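Student: I have a two-chain model open and would like some help reading it. Could we go through it together?

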Amino acid sequence: MAFRSAVITFPGSNCDRDMAVAIEQVCGGEVHRVWHGEAALPEGLDFIALPGGFSYGDYLRSGAMAARSPIMRAVVDAANRGVKVLGVCNGFQVLTESGLLPGVLMRNAGIRFVCREVGLTVANNTSVFTQRYFMGQKITIPVAHHDGNYFADADTLDRLEGEGRVAFRYAEAVNGSARDIAGVLNEGGNVLGMMPHPERFIEAAHGGIDGRALFEGVVRGLVEA
Amino acid sequence: MPSTTKVRVFVSLKNGVLDPQGRAITHAIEGLGFSGVTDVRAGRMFELEVDASVTDAALDEMASKLLANMVIENYRIERVA
C-alpha cells in the first residue's frame, strides 16, 4: 500500500514545498497538499507534516492562530488516533499551541533570529522518527527561527526526560532552550516537534544529509506497523 | 444596535519566566540616559468591545484558551465602565 502523507499549508507557511519534496524523495508515495481552511484531511493518511514559516505573520504568538485553524481539529484527531505527525519550526510552535506537545517556544534568549547549521545530539533512538539514528549520535541540521527557546516547568521537563521524550538536544548554544531541548515527542511517540529543519538536509547538494534518516524512519516504521 | 462595553485583558509573563525582550528594553532605557530602572517585563493588552450577553466566564475562557498561553503567561480581566 502506498505511503500516504499530507503537508498542511497555513497562510504564511514557507517551507511547505521543501517539506513535500523531502517526503516525496525519501518516503515516496502520495503527498497531499492541504490548505489550513479545510475541515477534513484526506482519508487513510500515514503521516502529516506541519511545515516551517510564519503562519499568520506570527500574530498573537508564533503558531497561536494556526493552532486554532479548522484543519488543526482534524490533525489533533488524527494524532490521537496514532497517525504520525511531524512539526518543524513553525510547525513545532503550532503543535505546542494546539496542546499536542507540552511547553512553549519563546523568543530566543539572545533576541536575535538564528539562521545557521547547528550541531544536535540524538537523545532518543526508539521513536519512529529517530530509529534510524544512533543514541548520542552527533548530527548537523539547519535552524532558522526567532522563537525557538523551549520552555516548560521543571516537572514537565523532568517527565519528558524521564520518559525518553526528548528527541534531540542542541550540542551548542543556540536559543536558550531549557535543557538544550531541540525536539520533543508526545506520550505516544507518534508526534514530534523540532525547531531544526530536517527537510533542508536530505541530499548532498543541501550541504548535508543528516535530516534524511528522520524521513526514512517515518516510512520504515509505517511499513512495519 | 445593542450597546457595547469595553473589556481590557492584560497578559503578562509569569514570575520566573525569563523575558529577553524585557531585558533588551531595560538596556535601551539605560541607553537613553535614564537611570534607576532595574527591570522591565513586557506584556500585552487587548481591548474587546463586547455586548451584554458576554459573561465573565466566557471572557475567562477567551483569555485562557487564546489570548494568554497559560504555560508562561497570566492574565487579568478588567471591565471598563
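Student: How much area do chain A and chain B bury between them?

Tutor: Happy to help! This is a predicted model, where local features need pLDDT of at least 70 and side-chain atom pairs count only at pLDDT 80 or more, while totals for chains, interfaces and linings use all residues. Buried area is the accessible area (1.4 Å probe) that two parts lose on being put together, summed over both. Carbon and sulfur atoms carry 65% of it here, and the total for chain A and chain B is about 1,200 Å².

Student: Which three residues supply 41% of the area that chain A buries against chain B?

Tutor: No other three residues of chain A supply more. They are Leu60(A), Arg61(A) and Met106(A).

Student: Which residue of chain B forms a salt bridge with Arg61(A)?

Tutor: A salt bridge needs a side-chain nitrogen of Lys or Arg within 4 Å of a carboxyl oxygen of Asp or Glu. The count between the two chains is one. Its closest N and O atoms are 3.9 Å apart, and the partner of Arg61(A) is Glu73(B).

Student: Why is strand 1 of chain A largely enclosed by the rest of the structure?

Tutor: Strands are DSSP runs (E, at least two residues), numbered from the N terminus, and buried means under 20% relative accessible area (1.4 Å probe, protein chains only). Strand 1 covers residues 4-9, numbered from 1 along the chain as its sequence is written. It is largely enclosed because, of its six residues, the number buried is five.

How values were computed:
Chains lettered and ligands numbered in written order. Heavy atoms only, no water. Buried < 20%, exposed > 50% of the residue type's maximum accessible area, 1.4 Å probe, protein only. Helix = DSSP H or I, 4+ residues; strand = E, 2+ residues; numbered from the N terminus.
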